[in-house]
Amino acid sequence: AMTGLVDDPSVAVKFFLARFHPSSGTVSLTALAIPEVPAANALAAFALSPGGSQLATAVQIGHTLNVRLTVYTLATGTSTSWHGFGTIGYGPWEDDSGGLSWSATGTLAFNWFGSSRVVDGRRPESAESGVWLLNTSAAPGNLLADSRLAVRFPQASTAGFQFTSNLLLTSNGAMIVAPVYQALTGRGNTRTITSAFEEFSAATGRLVRILDKVSTEATGLNGLVWSSPSGGKLVVAAPAKPGGGFVFGVLRGSQFTPMPGAPSPEGRIVILAF
């Protein structure tokens, strides 16, 4: 399934299921029988489960730090929700499909950015920023109380990289993959970005390996689209070579193979499931 993100926060967001028909080269859209996200709220992140039977959404209520994570069963429209006070994804009121990721075992990973700031007279429930894991078969309730912190940001990275809001939980639930970067300013305010991908054990939170460390002066950050169950093969948006621009490609270890004819990573289309 494929979907796009809406940049305009003044409009409501409705979800559709896209089905691709290779024999005819056509795409059909079916409106999902789940509530739309009204313009009064902000869609922070969303993800389709590996089998395509469930959709998870993270919504900032009233454009505040009150976040509601909901899992919908697409066949019935039934839902289960958890609530928290903080931010999932890129930041408050920023849409970001990469802030949520499923495993095939029903675990949902979410990118939580905690803060010690007082907002609307309250403090977030946790300042522990990082990747949290939620068992979606649990009863509805408090989001962080029903989840566990798997990888802390930024202390988890032993290589001095910073984390983006993008993440992937491998389908077997064993590995967490995250794009990371280092930004350095040189002479004449030249900004060099060193991009890489770090993989962590979901069980221990320890850094397991670093892939594809490449430096570039291009504008933007690397992105993560898909991971094999082991994390040994990734589909990413990254520089194909030092000093080069960002392109989509397949990453196996340190070998990056650009995809011929792939669209620009600057587009807003995001692959959710195969």
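A strand, as I will use the word, is a DSSP run of E with at least two residues, and strands are numbered from the N terminus. With that in hand, we can place Val-180, which sits in strand β16, covering residues 175–185. Please keep in mind throughout that what we are looking at is a predicted model.

Let me step back to the whole chain before returning to that residue. The secondary structure consists of 23 strands and zero helices. Of the 274 residues in the chain, 46% are buried, and the chain exposes about 12900 Å², of which carbon and sulfur atoms supply 54%. If we take the contacts in the chain with a separation of 6 or more, 47% of them are between residues 24 or more positions apart.

Now back to Val-180 in β16. Is this residue buried or exposed? Val-180 has a relative accessible area of 0%, and because buried means under 20%, it counts as buried. Leaving out residues up to four places away in sequence, Val-180 touches Phe-161, Gln-162 and Phe-163, then Thr-194, Ser-195, Ala-196, Phe-197 and Glu-198, and also Asn-222. Leu-167, which is 13 residues away from Val-180 in sequence, lies 9.9 Å from it in space, C-alpha to C-alpha.

The next stop is an open sheet of five strands, whose order is β4-β5-β6-β7-β12 and whose pairing is mixed. Which strands stand at the edges of this sheet? They are β4, residues 42–48, and β12, residues 141–142; each has a single partner strand, so one side of each is left without a neighbour in the sheet. Within the sheet, β5 and strand β6, which is residues 66–73, run antiparallel and are joined by seven bridges. To give one pairing by name, Gln-60 has Val-67 in β6 as its bridge partner.

Strand β5 spans residues 54–60 and contains Thr-57, whose relative accessibility of 3% makes it a buried residue. Setting aside residues up to four places away in sequence, the residues that Thr-57 touches include Arg-68, Leu-69, Thr-70 and Tyr-72, as well as Leu-43, Ala-45 and Phe-46. Phe-15 and Leu-100 are also among the residues in contact with Thr-57.

From the strands we move to a loop. Ser-103 is found between β9, residues 100–102, and β10, residues 107–113, and at 1% relative accessibility this serine counts as buried. How far apart in space are Ser-103 and Thr-170, C-alpha to C-alpha? The distance is 5.9 Å, although the two are 67 residues apart in sequence. Beyond its neighbours within four places in sequence, Ser-103 is in contact with Pro-50, Leu-169, Thr-170, Ser-171 and Gly-173. The side chain of Ser-103 also makes a polar contact of 2.6 Å with the side chain of Thr-105.

Finally, I would like to turn to the surface. Phe-16, Phe-20, Val-27 and Leu-29 make a nonpolar surface patch of about 400 Å². The elements that give two or more residues to this patch are β2, residues 16–21, and β3, residues 26–31. Phe-20, which lies in strand β2, is partly exposed, because its relative accessible area is 42% and the partly exposed class lies between 20% and 50%.

To close, we can set these places side by side: Val-180 is buried in the model, as are Thr-57 and Ser-103, whereas Phe-20 is partly exposed and belongs to the nonpolar surface patch.

Definitions and conventions
Residues numbered from 1 in each chain as written. Predicted model: local features only at pLDDT ≥ 70, side-chain atom pairs only at ≥ 80, totals over all residues. Heavy atoms only, no water. Helix = DSSP H or I, 4+ residues; strand = E, 2+ residues; numbered from the N terminus. Buried < 20%, exposed > 50% of the residue type's maximum accessible area, 1.4 Å probe, protein only. Contact = heavy atoms within 4.5 Å. Areas by Shrake-Rupley, 256 points an atom, 1.4 Å probe, with all protein chains shown as cover. Patch = residues over 30% accessible without salt bridge, like charges linked within 9 Å, V, L, I, M, F, W, Y side chains within 5 Å. Salt bridge = Lys/Arg side-chain N within 4 Å of Asp/Glu carboxyl O. Polar contact = N/O pair within 3.5 Å; in protein donor to acceptor, adjacent residues only side chain to side chain. Pairing = 2+ DSSP bridges.
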